[in-house]
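Student: Please take a close look at the sheet with me, and at what packs around it. I would like to follow it from one edge to the other.

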Amino acid sequence: MPAGAGSGRPPLPPSSLVVERITLTYAHLPAEAVLRALLPPGVTPPAAFETIGHVVHLNLRSPQLPHRHLIGAVLRSKLAPRIRTVVNKTAATGGPFRTFAYELLAGDNDMDATVAEGGCTYAVTVGGVYWNSRLEGEHRRVVAAVPRGGVLVDACAGVGPFVVPVGKA
């Protein structure tokens with residue numbers, strides 16, 4: 001179908017078209033596109049990751065493990081300056097404090113992070129305490145269910161994402 005056909009507008013004259021050459025560089029590409037270009041066929045970039053302050057926490061799958069340092073370096077580079085550290089969990093979350101072992105993939109070995117949620121700021125040590133930002137909605141739901149002046153008992157308070165906002169209210 002000719003240009004402009006069916007739109008009710010006349011086609012553009014060829015003299016009004018401009019051809020430009022655009023060169024895309026690393027800076028223009030998102031991390032996923034860079035990783036798709038660098039990883040071998042059959043190895044997919046991580047689909048998701050947890051962000052805890054300045055730390056990205058990955059759960060890499062077996063095919064990704066040989067490329068873990070490349071993945072870490074690309075994520076750190078693309079997410080800088082907010083992200084300074086990238087780690088991969090090396091064992092299941094467990095123990096009395098639901099902590100996990102990790103391997104540093106890129107950046108500073110600084111696991112002391114600051115996380116803001118529900119109007120409160122928490123200092124957490126990644127790998128030393130349990131934190132999951134995906135639970136923020138559940139934290140908000142429980143906190144909202146406690147009436148002003150009410151009491152909330154949390155036997156497994158951790159860093160306090162339920163009790164700190166309730167106490168602050």
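Tutor: Two strands count as paired if DSSP finds at least two bridges between them. Helices (H or I, at least four residues) and strands (E, at least two) are DSSP runs, numbered from the N terminus. This is a predicted model, in which local features need pLDDT (the predictor's confidence in each residue, from 0 to 100) of at least 70 and side-chain atom pairs need 80 or more, while totals for chains, interfaces and linings use all residues. Residues are numbered from 1 along each chain as its sequence is written, and side-chain values use heavy atoms, leaving out hydrogens and water.

Let's begin with the overall layout. The sheet is open and mixed, with 4 strands in the order 1-2-3-4. Its edges are strand 1 (50-52) and strand 4 (102-107), each pairing on one side only.

Now let's walk across it. Strand 1 runs antiparallel to strand 2 (residues 55-58), and 3 bridges join the two; here Glu50 stands opposite His57. Between strand 2 and strand 3 (85-89) the sense is parallel, over 4 bridges, and Val55 has Thr85 of strand 3 as its bridge partner. To get from strand 2 to strand 3, the chain passes through helix 2 in a right-handed β-α-β crossover (with the strands pointing away from the viewer, the path from the first strand over the helix to the second runs clockwise). The last pairing, strand 3 with strand 4, is antiparallel and has 5 bridges; one example is Asn88, whose bridge partner in strand 4 is Glu103.

Helix 2 deserves a moment of its own. Spanning residues 68-79, helix 2 lies across strand 2, strand 3 and strand 4. Among the elements of the protein chain, helix 2 has the highest mean pLDDT, 98, and helix 4 (residues 163-168) the lowest, 86. In the loop that leads from helix 2 to strand 3 sits Pro81, and the peptide bond joining Ala80 to Pro81 is cis, with omega about 5 degrees. For context, most peptide bonds are trans.

Next, what is covered. In strand 3, 4 of the 5 residues are buried (under 20% relative accessible area with a 1.4 Å probe, protein chains only). The largest nonpolar core (buried Ala, Val, Leu, Ile, Met, Phe, Trp, Tyr and Cys residues joined through side-chain atoms within 4.5 Å) has 15 residues, of which Val56, Leu58, Ile71, Leu75 and Val86 touch the most other members. Helix 1 (31-38), strand 2, helix 2 and strand 4 each supply at least two of its residues. Setting aside neighbours within four places in sequence, Ile71 is in contact (heavy atoms within 4.5 Å) with Leu35, Leu39, Pro46, Leu58, Leu60 and Gln64. Another core, of 13 residues, lies apart from this one and includes Val87, Phe100, Met111 and Trp131.

Finally, a look at a residue from strand 5 (residues 112-117), Ala113. Ala113 is buried, at a relative accessible area of 3%. Its C-alpha atom is 5.0 Å from that of Gly53, although the two are 60 residues apart along the chain. Beyond its neighbours within four places in sequence, Ala113 contacts Ile52, Gly53 and His54, along with Tyr122, Ala123, Val124 and Val126. As for confidence across the protein chain, pLDDT averages 90, and 96% of the residues score at least 70.

Methods. Axes fitted to C-alpha atoms, helices over the stretch in contact; angles between N-to-C directions. Buried < 20%, exposed > 50% of the residue type's maximum accessible area, 1.4 Å probe, protein only.
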